[in-house]
Amino acid sequence: MNNFAYTRAESVAAVPGLLTSGPRNKILGGGTNLVDLMRENIEQPGGLIDITRLPLAEITDLPEGGLRVGALVRNSQLAAHQHVRERFPVLSQAILMGASAQLRNMATTGGNLMQRTRCYYFYDSAARCNKRQPGAGCDALEGHNRIHAILGSSDACIATHPSDMCVAMSALDAVVQVTGTEGPRSIPIVDFHRLPGDRPDTDTNLRPDELITAVDLPPLAFATNSLYRKVRDRASYAFAIVSVAAVLETENGRIGNVRLALGGVAHKPWRAAIAEKQLHGEPATEESFRRAAEAELAPARARKHNGFKIELAKRLIVSVLSELSRKGTAQ
Ligand code: SF4
């Protein structure tokens with residue numbers, strides 16, 4: 001681990017200035033990913049800005065049923081919150097399927113958004129990795145790439161985003177609130193994370209001087225009928241091979257509203273906009289769900305070991321939407 005400066009932030013307003021006061025300064029929240037990366041010398045911050053004493057750990061109601069989740073709200077706190085479980089069950093389910101109880105007790109909402117890929121080669125300093133060292137190459141392209149991306153990847157990087165929480169937030173149209181030297185701004189979560197392109201070292205559209213202060217969950221009445229399902233190699237404490245977050249509203253057997261996002265398939269939580277568009281107004285049947293899944297996965301590109309993810313994602317979409325359709329009809 002490299003030497004670094006440690007500063008405890010005394011106010012939210014002070015953080016943008018602290019971030020830009022030295023090279024490679026980083027925010028320290030729960031530290032569940034960053035500290036591991038520092039121990040392995042993957043991350044070498046010049047300074048850590050400790051924000052853990054800032055007043056950002058509240059969940060507050062927004063008008064008409066929305067929620068504002070402070071950046072320091074712990075993952076376990078968010079999953080257990082009564083209004084999250086009642087209004088946005090997909091989010092509670094997704095969080096509880098991630099990591100372990102101990103990690104969820106430490107990990108923060110803002111940190112979950114900022115966690116980095118679990119590509120094996122990213123963590124192996126002997127491997128070539130464009131994300132770790134731009135221009136170095138990517139050993140995953142011709143290596144063991146069973147867990148890697150099938151959508152939106154590039155020849156520079158085929159890593160996936162590891163979060164479950166962010167997949168559910170993507171389906172819920174969450175909005176990330178940030179503040180920087182130029183003041184606050186709002187970033188829809190679908191625009192927060194980046195696809196790799198030729199700059200896979202940059203995971204998000206957050207500017208170097210910006211701090212995440214909260215995530216807003218807009219009111220979405222039909223989100224009470226929502227579901228997160230995750231396929232993984234172990235029953236617990238494993239990242240998604242493929243996951244699906246879905247919100248569905250049906251009227252007289254037809255799809256009125258649908259939100260769909262995939263995890264484990266791309267460099268960012270993958271909002272399934274093609275499938276959503278195709279499903280709108282269609283009969284809520286397995287045939288419709290399958291056609292929409294086929295359309296969404298049509299651009300998928302398999303590498304040597306991950307072709308199975310394409311059919312898995314399609315089946316998972318059909319399975320989740322079918323279950324929500326049955327639940328919606330029963331309500
Ligand atoms: Fe690095 Fe991305 Fe290649 Fe993994 S897939 S080795 S993170 S460049």
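**Exercise 1. The lining of the largest cavity**

Task: In this predicted model, state how many residues line the largest cavity and which of them lie nearest its centre, then describe the lining by class.

Solution: Begin with the lining as a whole, which for the largest cavity consists of 16 residues. Next, look towards the centre of this cavity, where Cys119, Cys129, Cys138, Ala140 and Cys157 are the lining residues that lie nearest. Then sort the lining by class, which gives 10 nonpolar, three polar and three charged residues. Finally, add the volume, which for this largest cavity is about 80 Å³.

**Exercise 2. The second largest cavity**

Task: Find how many cavities of 30 Å³ or more the structure holds, and work out which residues line the second largest cavity.

Solution: The count at this cut-off is two cavities, and the second largest has a volume of about 50 Å³. Following its lining along the chain, one meets Gln115, Arg116 and Thr117, then Lys131, then Thr160, His161 and Pro162, and at last Asp203 and His267. Sorted by class, the lining of this second largest cavity comprises one nonpolar, five polar and three charged residues.

**Exercise 3. A nonpolar patch at the surface**

Task: Identify the residues that make the nonpolar surface patch of about 310 Å², and decide whether Tyr6 counts as buried, partly exposed or exposed.

Solution: The patch is made by Met1, Phe4 and Tyr6. Of these, Tyr6 has its place in strand S1, which spans residues 5-8. Its relative accessibility is 44%, and because buried means under 20% and exposed over 50%, Tyr6 counts as partly exposed.

Methods:
Residues are numbered from 1 along each chain as its sequence is written. This is a predicted model: local features need pLDDT of at least 70, side-chain atom pairs count only at pLDDT 80 or more; totals for chains, interfaces and linings use all residues. Side-chain values use heavy atoms; hydrogens and water are left out. On a 1 Å grid over the protein atoms alone, a cavity is a set of points where a 1.4 Å probe fits but cannot get out, and a pocket is an open set with protein on both sides within 12 Å along at least five of seven lines; lining residues have an atom within 4 Å of a point. Grid points are joined across faces, edges and corners, and a volume is the space filled by probe spheres set on the points. Ala, Val, Leu, Ile, Met, Phe, Trp, Tyr, Cys and Pro count as nonpolar, Asp, Glu, Lys and Arg as charged, and the others, Gly among them, as polar. Patches are made of residues with over 30% relative accessible area and no salt bridge: like charges are joined within 9 Å, nonpolar side chains (Val, Leu, Ile, Met, Phe, Trp, Tyr) within 5 Å. Accessible areas come from the Shrake-Rupley method with a 1.4 Å probe; for residues, only the protein chains shown count as cover. A salt bridge is a side-chain nitrogen of Lys or Arg within 4 Å of a carboxyl oxygen of Asp or Glu. Helices (H or I, at least four residues) and strands (E, at least two) are DSSP runs, numbered from the N terminus. Buried means under 20% relative accessible area, exposed over 50%, partly exposed in between (1.4 Å probe, protein chains only).
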